[in-house]
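Colleague: Before I use this model at the bench, I should like to understand the reasons behind the terms applied to it. May I ask about them one by one?

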Amino acid sequence: MNPNPSRRRTLVLALLATAGLTLLFTGTASADLLTPEDGGSPNADKIDSLYKVVLAIATVIFLLVEGGLFWSIYKYRAKKGAVAAQIHGNTRLEIGVTGAAALILVALAVVTFVQLDDIRNPPNSGPDGLELADGVLTASTSKRLPPNGKSLNIEVNGQQYVWRYTYNGDGDGNTLNDPFSYEEMVVPTNTTVTLDIRAQDVAHSWWIPALGGKFDAVPGYTNHTWFKIPKPGVYTGQCAELCGRNHANMTARVRAVTPAEFEQWIADKQAEIAAANKAAQVSRTQIEGDAGTAASSTDQPAEAGATP
Ligand SMILES: [Cu+2]
C-alpha cells in the first residue's frame, strides 16, 4: 500500500469524525443531550434544573478563564528570545481571585441546598391521584413520606436478573398476599409513589432516568426514593450496577396509568395471584395424594410376597 500522507490524514479525520458522531448520537448515554432527563417526576425536574444552574455558572467561568488566557496570549505575545518580566505576586489580585472562587462555591452550595429539599422530600399526591391510606410509621431515618403521610409504597427488589415490585401499601407487614409484578411497574398518575429498594443476591442499581436519581440496591440494606408522574406514559430504565453476566438484560419499566386503570390492574393481579395459589394448592394435594398411592403401591408387592 502506498502510504500517501494526505489520504492517510483524510482517513484519520474521517475515523475521528465517525467516532465523535457516534458518541454524540448515543441516545441512552446522552440523556437530554447535555443535561439529565426530566419531565417524568418533580425530583427528576429539580435534578435537571440544578444541573443546568451549575452548568450555566461553570460555562461563564470557563469563558472568563479561557477568554483571559487567550487575550493574555495575544496581548502579551513577544518575539522569540524575549526575556519575560519577573513579577512577584500581586496581593490584591490574589485575594480577589480567592474570594471570588469562595463566593462562587457559596452560591453553588446555596442553590444546591435549596433544590435538594425538593429532590429528597416527596410532595403530597395530587387531588386526582389514587385514594391512599395513611402511610406506615417508620423508624427509618432515610425514608421520607409526603407531608400528609400518604404514599403508594412499593418494594423494589433487585435479583439476578430481574426487578420484582411488591405493592405493600396496606402496611400490614405481611407481604405474602400483596400483589407483585416483574420487570414492569404499574403506577397511578399524580400519586406520590415511595420506593423501598432492596436486593436479593448481589448489588444492583435502580435507575429510571426520567424519574429521578440512581439508587443502589444492596443486600441487607434498604434505600428509599420516590416519584410522582403527572401524566400517563412509559418510562424505561435499567439496572445501573454490573451485577453479573446478564446485567445488560436487567431492564426496568414504569408504566403510569390513571388511578382507575391502576385499581383495575391491581384487582386483576390479585385475582391472578389467587388463581395461581389455588392451582398450586390443587397440584400440591394431587402430588401428596399420588405420593400416598405410590407409597402404598410399593408396600403392596412386599405384602403380596409375604402372604403366600
Ligand atoms: Cu442488576
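Modeller: Let us begin with E183, which sits in the loop between β3 (180-182) and β4. Please bear in mind throughout that this is a predicted model.

Colleague: Why does E183 count as exposed?

Modeller: A residue is exposed if 12 or fewer other C-beta atoms lie within 10 Å of its own. E183 has 12 such neighbours, and therefore counts as exposed.

Colleague: What makes the backbone of E183 worth a remark?

Modeller: Its phi is positive, at about 70 degrees, although E183 is not a glycine. Most residues other than glycine have a negative phi. N190 is a further case, with a positive phi of about 55 degrees, and is likewise not a glycine. N190 belongs to the loop between β4 and β5 (193-199).

Colleague: Why is N190 called partly exposed?

Modeller: Partly exposed covers the counts between the exposed limit of 12 or fewer and the buried limit of 20 or more. N190 has 17 other C-beta atoms within 10 Å, so it falls in between.

Colleague: Which peptide bond is cis?

Modeller: The bond from Q160 to Y161, whose omega is near 0 degrees. Most peptide bonds are trans. Y161 is placed in the loop between β1 (152-159) and β2 (162-167), and these two strands form a hairpin with 2 residues between them.

Colleague: How do you know that β1 and β2 pair?

Modeller: Pairing requires at least two bridges. β1 and β2 are joined by 6 bridges and run antiparallel, so the requirement is met. One of the pairs sets G158 against W163 in β2. β2 is also joined to β3, by 3 bridges and again antiparallel, with R164 partnered by Y182 in β3. On its other front, β1 is joined to β5 by 7 bridges, and those two strands run parallel; there N157 stands opposite R198.

Colleague: What is the order of strands in the open sheet of 5 strands, and why do β3 and β8 count as edges?

Modeller: The order is β3-β2-β1-β5-β8, with mixed pairing. β3 and β8 each have a single partner strand, so one side of each is left without a neighbour in the sheet. Neighbouring strands here are turned by 25 degrees against each other on average, direction ignored.

Colleague: What makes β4 and β9 edge strands in the open sheet of 3 strands?

Modeller: That sheet has the order β4-β10-β9, and its pairing is mixed. β4 (184-188) and β9 (233-238) each have a single partner strand, so each is left with one side lacking a neighbour in the sheet. The twist averages 20 degrees from one strand to the next. β4 is joined to β10 (residues 251-257) by 5 bridges, in parallel, and E184 stands opposite R253.

Colleague: Which residues touch the most other members of the largest nonpolar core?

Modeller: Of its 30 residues, these are I154, V156, V187, V193, L211 and V254. The elements giving two or more residues are α3 (42-75), β1, β2, β4, β5, β8 and β10, and the largest share, 4 residues, comes from β5.

Colleague: Why is this core said to lie between domain 1 and domain 2?

Modeller: Domain 1 (31-77 + 90-120) and domain 2 (152-267) both give residues to the core, so it lies between them. As for V156, its contacts beyond four places in sequence include W163, Y165, L195 and W206. W163 and Y165, with Y167, make up the covered face of β2, whereas V162, R164 and T166 make up the uncovered one.

Colleague: How do you know that helix α1 (residues 5-24) lies largely in the open, and what span should it have?

Modeller: Of the 20 residues of α1, the number buried is 0, so the helix lies largely in the open. At 1.5 Å a residue, α1 should span 28 Å; its end C-alpha atoms are 28 Å apart, which agrees.

Colleague: Finally, what does V218 touch?

Modeller: Leaving aside residues up to four places away in sequence, V218 touches A199 and A203. V218 and A199 are 19 residues apart in sequence and 5.1 Å apart in space, C-alpha to C-alpha. V218 is found in the loop between β7 (215-217) and β8 (223-227) and, with 17 C-beta neighbours inside 10 Å, counts as partly exposed.

Definitions and conventions: Residues numbered from 1 in each chain as written. Predicted model: local features only at pLDDT ≥ 70, side-chain atom pairs only at ≥ 80, totals over all residues. Axes fitted to C-alpha atoms, helices over the stretch in contact; angles between N-to-C directions. Contact = placed C-beta atoms within 7 Å. Core = buried A, V, L, I, M, F, W, Y, C linked by C-beta atoms within 7 Å. Domains from an automatic or database assignment. Expected span 1.5 Å × (residues − 1).
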